[in-house]
Amino acid sequence: MVGSIEVKSGNGVYSNGSVHNHNGLEEKLDELRQILGKANGDLLRIVCVGAGAWGSVFAALLQDSYGQFRDKVQIRIWRRSGRAVDRSTAEHLFEVINSREDVLRRLIRRCAYLKYVEARLGDRTLYADEILKDGFCLNMIDTPFCPLKVVTNLQEAVWDADLVINGLPSTETREVFKEIGKYWKERLTVPIIISLAKGIEAELDPVPHIITPTQMINRATGIPVENILYLGGPNIASEIYNKEYANARICGSEKWRKPLAKFLRQPHFIVWDNSDLVTHEVMGGLKNVYAIGAGMVAALTNESATSKSVYFAHCTSEMIFITYLLTEEPERLAGPLLADTYVTLLKGRNAWYGQMIAKGELSLDMGDSISGKGTIQGVSAVGAFYELLSQSSLNVLHPGDNKPVAPVELCPILKTLYKILIKREQGPMAILQALRDENLNDPRDRIEIAQSHAFYRPSLLGQP
């Protein structure tokens with residue numbers, strides 16, 4: 001089923017009338033269409049698979065920019081049907097609607113307001129795909145965006161798409177794209193895929209190595225790696241839609257990353273391009289691991305600036321240590337990794353999750369998919385990085401004992417998070433105990449060890 005759509009005019013009011021081109025958008029669209037070989041009258045078909053906060057905002061940004069050119073491009077978003085909106089969320093959504101005059105007027109004009117009144121009173125059940133058509137993401141209720149064309153049938157959404165955006169969590173990417181691969185068996189053209197997912201899996205055979213979402217997509221669909229890209233950066237989805245200045249990198253083959261960077265770039269959302277696809281993906285997953293611990297420390301110390309800075313020193317040294325294992329030139333990643341980590345610690349869902357676990361307001365038994373927040377991808381990443389870095393085939397020399405140890409033995413925070421979140425052998429207080437261990441090395445020592453030894457293991461990223 002496909003939802004209706006309205007077009008946003010230059011003054012910010014939605015209408016069904018035509019909109020004149022501005023800021024060279026039509027030229028950018030025409031340029032991408034030409035590169036893709038689209039003939040006149042043949043729509044450029046863009047679909048976002050997955051409707052979490054970032055996926056929904058990404059689709060909304062494209063709709064706001066290019067949706068006005070309805071004879072040239074079609075922008076849609078897929079999400080599963082049947083997810084009910086609970087009563088408390090419906091009540092909050094009603095408050096958000098009535099606090100925003102522009103949103104209220106739009107819903108009234110579309111004859112869509114009454115269902116929100118009925119849901120507020122408990123007389124009707126709303127569904128996530130239903131409210132998405134009106135511009136509300138279940139994981140980001142406080143930030144309304146433009147109405148979207150919503151498709152709940154996966155085959156209908158993707159079978160003829162030219163550009164597919166992966167807005168799924170990394171934990172769902174393999175399963176959904178395996179299904180998509182079945183629909184693409186008879187395709188004559190090869191689609192382009194941009195993955196927004198931040199997360200990893202670990203595989204131990206034939207040697208320990210990381211599997212990223214773009215690699216999952218490649219394996220599941222057979223789409224060439226050249227046509228699969230990753231986009232990520234230090235940003236919060238709701239702030240990007242509200243036009244807070246942000247930047248991101250699109251990583252992958254030069255053939256596609258440069259034209260797509262130009263197509264996606266906006267005055268408030270600067271998109272750079274980079275050739276290092278897999279390493280940037282892995283770094284996006286790594287910062288989620290340590291964001292959970294940061295949230296725990298903040299909650300357990302009543303937001304102590306000193307305690308948080310101590311944690312930050314140790315977690316960044318562990319992340320830098322791990323990057324030396326993953327890449328030959330880790331210095332190139334220092335800025336992007338720290339920037340992404342910083343914004344996640346400030347306002348990301350993984351840090352929030354750590355806080356809620358430490359406060360006892362969430363339980364580990366509730367799983368890593370949280371209502372109103374989506375999937376907490378840092379949990380699975382803790383397990384993956386621990387499993388990977390505990391392999392004896394990756395042993396490094398321990399500075400104190402002068403004997404070979406698995407890399408994880410030099411990452412006490414990662415070890416502690418694994419015991420808390422995966423093994424459940426310890427409670428959140430263990431993270432503070434790890435920081436206050438008198439035998440804990442100076443974080444600078446860990447970095448110096450990495451810098452002074454040949455730690456690089458190309459096999460970790462599947463390279464010879």
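## Where two domains meet

Buried area is the accessible area that two parts lose on being put together, summed over both. Keep that in mind as you look at this predicted model, where domain 1 and domain 3 bury about 1900 Å² between them. Of that area, 64% is on carbon and sulfur atoms. Which elements give two or more residues to the side of domain 1 that touches domain 3? They are H8, E8 and strand E9 (209–211). Sorted by class, that side of domain 1 has eleven nonpolar, eight polar and six charged residues.

There are some polar links here too. Two salt bridges are counted between domain 1 and domain 3, and five residue pairs are in polar contact across their interface, both residues of each pair being at pLDDT 80 or more.

## How the chain is divided

Stepping back a little, the protein chain splits into domain 1 (23–82 + 149–275), domain 2 (87–126) and domain 3 (282–461). Notice that domain 1 is written as two stretches, 23–82 and 149–275. The C-alpha centres of domain 1 and domain 3 lie 29 Å apart. As for who takes part in the contact, 25 residues come from domain 1 and 26 residues from domain 3.

## Salt bridges to look for

Side chains of opposite charge can pair when their charged atoms come close. How many salt bridges does a search of the whole structure find? The search turns up 29.

Start with Glu201 and Arg174, whose side chains meet in a salt bridge at 2.3 Å, N to O. Glu201 sits in strand E8 (residues 201–203) and Arg174 in helix H8 (residues 170–183), so this pair ties together parts that are 27 residues apart in sequence. Both partners are partly exposed: Glu201 has a relative accessible area of 27%, and Arg174 comes in at 28%.

Next, try Glu239 and Lys347, which form a salt bridge with their closest N and O atoms 2.8 Å apart. Because Glu239 lies in helix H10 (residues 237–241) and Lys347 in helix H14 (residues 334–347), the pair ties together parts that are 108 residues apart in sequence. Glu239 is partly exposed, with a relative accessible area of 27%.

Then there's Arg100, whose side chain meets that of Asp102 in a salt bridge (3.1 Å, N to O). Arg100 is partly exposed at 31% relative accessible area, and Asp102 is partly exposed at 47%. If you'd like a bigger group to trace, a network of salt bridges links Arg110, Lys115, Glu118, Arg124, Glu130 and Asp134.

## A closer look at Ser56

Now for a single residue. Ser56 is found in helix H2, which covers residues 53–66. Is Ser56 buried or exposed? It's buried, with a relative accessible area of 0%; anything under 20% counts as buried.

So what does Ser56 touch, leaving aside its neighbours within four places in sequence? Its contacts are Ala51, Ile77, Leu132, Cys137, Phe145 and Leu148. One of these, Ala51, has its backbone oxygen 3.1 Å from a polar atom of the Ser56 side chain.

Methods:
Residues numbered from 1 in each chain as written. Predicted model: local features only at pLDDT ≥ 70, side-chain atom pairs only at ≥ 80, totals over all residues. Heavy atoms only, no water. Salt bridge = Lys/Arg side-chain N within 4 Å of Asp/Glu carboxyl O. Buried < 20%, exposed > 50% of the residue type's maximum accessible area, 1.4 Å probe, protein only. Helix = DSSP H or I, 4+ residues; strand = E, 2+ residues; numbered from the N terminus. Domains from an automatic or database assignment. Contact = heavy atoms within 4.5 Å. Buried area = accessible area lost by both parts, 1.4 Å probe. Polar contact = N/O pair within 3.5 Å; in protein donor to acceptor, adjacent residues only side chain to side chain. Nonpolar A, V, L, I, M, F, W, Y, C, P; charged D, E, K, R; others polar.
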